[in-house]
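The following exercises concern the fold, the burial and the aromatic rings of one protein chain. Each task is followed by a solution in steps.

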Amino acid sequence: MSIPLRNPVRSLYVHVPFCAKKCGYCAFYSEASEGEIMGRYVEALNRELEWVAGDCSLETVFFGGGTPSLLSLRHWEAVLGAFGRHGLLGATEWTVECNPATVSADKARLLRDHGVNRISMGVQTLDEGLLERLGRVHTRDMVFRSFDILRAAGFENINLDLMFAIPGQTAEVWDATLDEVFAMGSEHLSCYEVIYEEDTPLYSQLQAGEFDVDESLACGMYDRLLDRAAERGFRQYEVANFARNRQGEGPGDPGLACRHNINYWRGGAFHGLGPSAVSLVDGERRANGANTRRYCEQMSRGERPVAWSERLSPLSRAGEVAAFGLRMNDGWSFEEFIAVTGFDLREEWSEEMDRLRGLDYGVIDGGRFHLTGQGLRYADWAAEMFLRT
C-alpha cells in the first residue's frame, strides 16, 4: 500500500547493487551479479516502489550503483513497467548510470523509449594501464562504442565520469584523456580526485607503501581540468561537476547541470530505494540495510528494510544544508537559505563566513555567500565549519 500524498517528493534514487567486478577504489555497497538474486532484487524493488509511489510527483530519477546497466532487458522491462503502472514515467530528468562494458543497442533503446533521458557513464580514464590498475572491466574502445550506441538511441544528455590523481597517472596522460573526452562531445563531466577509502584494495596498497600520494600533481591536474573545461564551453557549477554552457529555459532553470544532484545540494527531499539507499523525507533520514539477500527477504515478508533512521534538529539540518550548498559555485543566497531552512547564515554562521573571507576562500556578493575558486579546493574543510551537532 502506498503512502498517502502529502507534499509530494520530487526526487527518487534507486540503488542497483550489482557489479561485474568490484573496482579497487570503490567503497559503495555492491556485489557480484548473478541471475537468481538479480531477479529477486527486481521483484523486491518493485514492491518497495509501491510503498512510496503515492508520495511522489517525480521531477528527477537517478538509478545508481553498482552498475544499473547490468540489469537485463527482462529486468528493465519489469522495473519500467512498475514505474508506468504507478504513473511515474516522464520525469524531467531520468538518469541511469552505466558501465561501457554493459551497454547494448537494445537496452539503450528500451531505456530511451521509456523516458530515460540522461546517462552517466563511468569512464574514469582512457588509459588501458590505468583502467587495469583501477580494476575496471571495460577497455577504452568500449567507451567510444558505448557512446556511439547511446547517441544512436537518441540520448542527448550524457555525463562522463572521470578520475584524476590515479596512482601512476601523469599530467601528460591526464591531458590525453581530456583531449579525447572533449572530442567526444558529451554534455556533462564529473571529475573526481581519487579518494582512498578504507577497506578497498587501493587503500591497502597505499598503506603498504606501494605508491605515494602527490598532492602537488593532483592540484596541477585539477587546475588543468578547470582551464580546459572552460575553454571547451563547460561551466563548473559544483566542485567536481561541469555542464556545457547551454542556456536554461527560464530563471532558475539549471540547463544541463544534474538536477537530481542539485536537489541534494540544495537540501531537497528524496526517497531512496534498494539495498543501502538513503532517504530524506519530512526531516527524517533513513537508510536501508546494505545486504541484498536480506533486503529481498524482508520485502517478500512485507517488512521495511530500514537499518537505521534519525531526525536531526532544525539547526543541525540547516548546517548540513549550508555545507552541501557551499560545494556549488553559486553558494547560498541569504534569502534562499532562509526560505529553505528557516535560519539566516548571517546570524548563525557569521564567524565561519568571516573566517573564510579572511582567508580569501569565501566572498559575500550581491546578497549571496559563496566560496572563491581557491576556496572550492577546500570545500570539504569549509563545509565542516558549518555543521552543528
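**Exercise 1.** Determine what share of the contacts with a separation of 6 or more comes from residues 24 or more positions apart.

*Solution.* Contact is defined as heavy atoms within 4.5 Å. Among the contacts in the protein chain with a separation of 6 or more, 69% join residues 24 or more positions apart. The model is a predicted one, in which local features need pLDDT of at least 70 and side-chain atom pairs count only at pLDDT 80 or more, while totals for chains, interfaces and linings use all residues. Residues are numbered from 1 along each chain as its sequence is written, and side-chain values use heavy atoms, with hydrogens and water left out.

**Exercise 2.** Establish whether the radius of gyration of the protein chain agrees or disagrees with that of a compact globule.

*Solution.* The radius of gyration is taken over C-alpha atoms, and the globule rule is 2.2 Å times the number of residues to the power 0.38. For 389 residues, a compact globule would have a value near 21 Å; the protein chain has 21 Å, so the two agree. Along the principal axes, the C-alpha trace spans about 55 × 50 × 45 Å. Next, consider burial: 52% of the 389 residues count as buried, that is, they have under 20% relative accessible area (1.4 Å probe, protein chains only).

**Exercise 3.** Describe how F63 and F83 are arranged, and state which elements they tie together.

*Solution.* A pair of aromatic rings is described by the distance of the centres and the angle of the planes. Rings of Phe, Tyr and Trp (its six-membered ring) pair if their centres lie within 6.5 Å; planes under 30 degrees apart count as stacked, over 60 as edge-to-face and the rest as tilted. The whole structure contains 18 aromatic pairs. In one of them, F63 and F83 are 6.0 Å apart centre to centre with 50 degrees between the planes, a tilted arrangement. F63 belongs to strand β4 (residues 56-65) and F83 to helix α2 (residues 73-85), so the pair ties together parts that are 20 residues apart in sequence. Helices (H or I, at least four residues) and strands (E, at least two) are DSSP runs, numbered from the N terminus. F63 counts as buried because its relative accessibility is 0%, and F83 counts as buried at 1%. Finally, ring pairs link F63, W76, F83 and W94 into a cluster.

**Exercise 4.** Analyse the pair F369 and F386, then the surroundings of A382.

*Solution.* F369 and F386 form a tilted pair, 6.4 Å centre to centre with 35 degrees between the planes. Strand β17 (residues 368-371) holds F369 and helix α16 (residues 379-386) holds F386, so this pair ties together parts that are 17 residues apart in sequence. Both F369 and F386 are buried. A382 is also found in helix α16, and A382 is buried, with a relative accessible area of 1%. Leaving aside neighbours within four places in sequence, A382 is in contact with L356 and L371. From C-alpha to C-alpha, A382 and R327 are 9.1 Å apart in space, although 55 residues apart in sequence.

**Exercise 5.** State how many residues of helix α11 are buried.

*Solution.* Helix α11 (residues 314-325) has 12 residues. Nine of these 12 residues are buried, and α11 is thus mostly covered. The buried residues include S316, R317 and V321.

Definitions and conventions
Buried means under 20% relative accessible area, exposed over 50%, partly exposed in between (1.4 Å probe, protein chains only). The expected span of a helix is 1.5 Å times one less than its number of residues.
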